[in-house]
Amino acid sequence: MKTIKLLTTALVVSLFLSACHSNTSDETTKDDYMSNEDTSATTSNTDAKKGIIQKDWGTTDGKQVHLFTLTNANGVQVSISDYGGTITSFIAPDKNGNKQSIVLGFNNLDGYLAKPPYFGATIGRYGNRIANGKFTLNGQTYTLATNDGKNHLHGGTKGFDKVVWTAGAINANNPQLSLSYLSKDGEEGYPGNLNTTVTFTLTDDNSLRIDYHATTDKATPINLTNHSYFNLSGDVSNTILNDWLMIDADRYTPVDSTLIPTGQLAPVKGTPFDFTTPHQIGERIAQVPGGYDHNFVLNKKDSSFTLAAAVTDSSSGRKLEVYTTQPGIQFYTGNFLNGSIKTDGGQPINQHTAFCLETQHFPNSPNTPAFPSSILQPGQTYHYVTEYKVSTVK
Ligand code: GLA
């Protein structure tokens, strides 16, 4: 029995988002296990006990990389690597209790070293774009790495998603992981030594809570976020176009042809951006050239912790809620996914087979004084919280 359970857990973890297998628990066979032996090497929590376990996960930049698996009292599991602070899997039950990963991810470090577009990564020093890779602060103009045409995107050429973070001490019984990274003065063009800590906590109400902390010794823009791509069906052969989405935002920030906000805060009412009541993602997507890739202005006046967005996939019954203290959220419908990247199971990851909901300050804020400030000053502590909560509906 114990062996079956062990093999089952191995299989479930190794098969996330693989369409070739839909069986999860009792139907697991030895053949299933054997055929996935390579990738199941990344399986970590073999007895699904509440807590955290750690394993070696390869090396890069001459540093040892690890994979941590957090399990809560209900058997929900989140795996996170210190490479890029990357969420590699988020295993949650569907309405029938079948567990699958609801995020795009790989079982091996190599999948990430091949530079997928930020799958699951912690993004920094600045999430999303800074126009022309330039900004002026305290009278000085800074030039950043440009890695998205003429713009700076997601921290530059080697952002926080491509470095090895340092894990803090773990307590085997507590599904919590802290990762720290010192971004040196001048890295990717940014001013100041920025000390960052991101803490992931998997709660027993099935929330993945992420606390972001940072301090600096020179004023700097900062906009940390997580870039998980969700497919609530757990299977990328399904697009996300039938998912029902609510975003608590009466306004959004329209963009130019290079996806830089124009500076306007435009009302969503009467547009395809109105998700104040739930709409299917695909209902009006054809009216949005390229698909959704926009920042929404959350309906709040302060940094209170509120429900920003909720998504339901009727077929699996899975629901995701996103809570945050941030003023904005980037809704991105995987527009640039084109099948060239494949899951571990060999399945192409096509356009609109995943969505991102990235909690954030607005893109290009360092050049847009009317937007909430994204500047961290020496002596201040940057702290914000986002929670990704999973549940099921019938
Ligand atoms: C963000 C951006 C998108 C795209 C993806 C990564 O969500 O807003 O334009 O760059 O990251 O491909």
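The following exercises, with worked solutions, concern Pro117 and the ligand surroundings in a predicted model.

**Exercise 1.** Locate Pro117 relative to the secondary structure, and decide whether Pro117 is buried, partly exposed or exposed.

Solution.
- Step 1. Find the flanking elements: α4 spans 109-113 and β6 spans 122-123, and Pro117 sits in the loop between them.
- Step 2. Take the relative accessibility of Pro117, which is 28%.
- Step 3. Buried requires under 20% and exposed requires over 50%. Pro117 therefore counts as partly exposed at 28%.

**Exercise 2.** Identify the residues that Pro117 contacts, leaving aside neighbours within four places in sequence.

Solution.
- Step 1. Apply the contact cut-off, heavy atoms within 4.5 Å.
- Step 2. The residues in contact with Pro117 are then His227, Tyr229, Leu337 and Ile341.
- Step 3. For Ile341, set sequence against space: Ile341 and Pro117 are separated by 224 residues in sequence, with their C-alpha atoms 9.5 Å apart.

**Exercise 3.** Describe the shell around the ligand and its composition.

Solution.
- Step 1. Count the surrounding residues: there are 14, and the closest are Arg129, His154, His227, Asp293 and Glu358. His227 is also in contact with Pro117.
- Step 2. Sort the shell by class, which gives 7 nonpolar, 4 polar and 3 charged residues.

**Exercise 4.** Give the distances from ligand oxygen atoms to side-chain N or O atoms of Asp293, His154 and Gln330, then state how much of the ligand is covered.

Solution.
- Step 1. For Asp293 the distance is 2.3 Å.
- Step 2. For His154 the distance is 2.8 Å.
- Step 3. For Gln330 the distance is 3.3 Å.
- Step 4. On its own the ligand has 300 Å² of accessible area, of which the protein covers 96%.

Conventions: Residues numbered from 1 in each chain as written. Predicted model: local features only at pLDDT ≥ 70, side-chain atom pairs only at ≥ 80, totals over all residues. Heavy atoms only, no water. Buried < 20%, exposed > 50% of the residue type's maximum accessible area, 1.4 Å probe, protein only. Near = heavy atom within 4 Å. Polar contact = N/O pair within 3.5 Å; in protein donor to acceptor, adjacent residues only side chain to side chain. Areas by Shrake-Rupley, 256 points an atom, 1.4 Å probe, with all protein chains shown as cover. Nonpolar A, V, L, I, M, F, W, Y, C, P; charged D, E, K, R; others polar.
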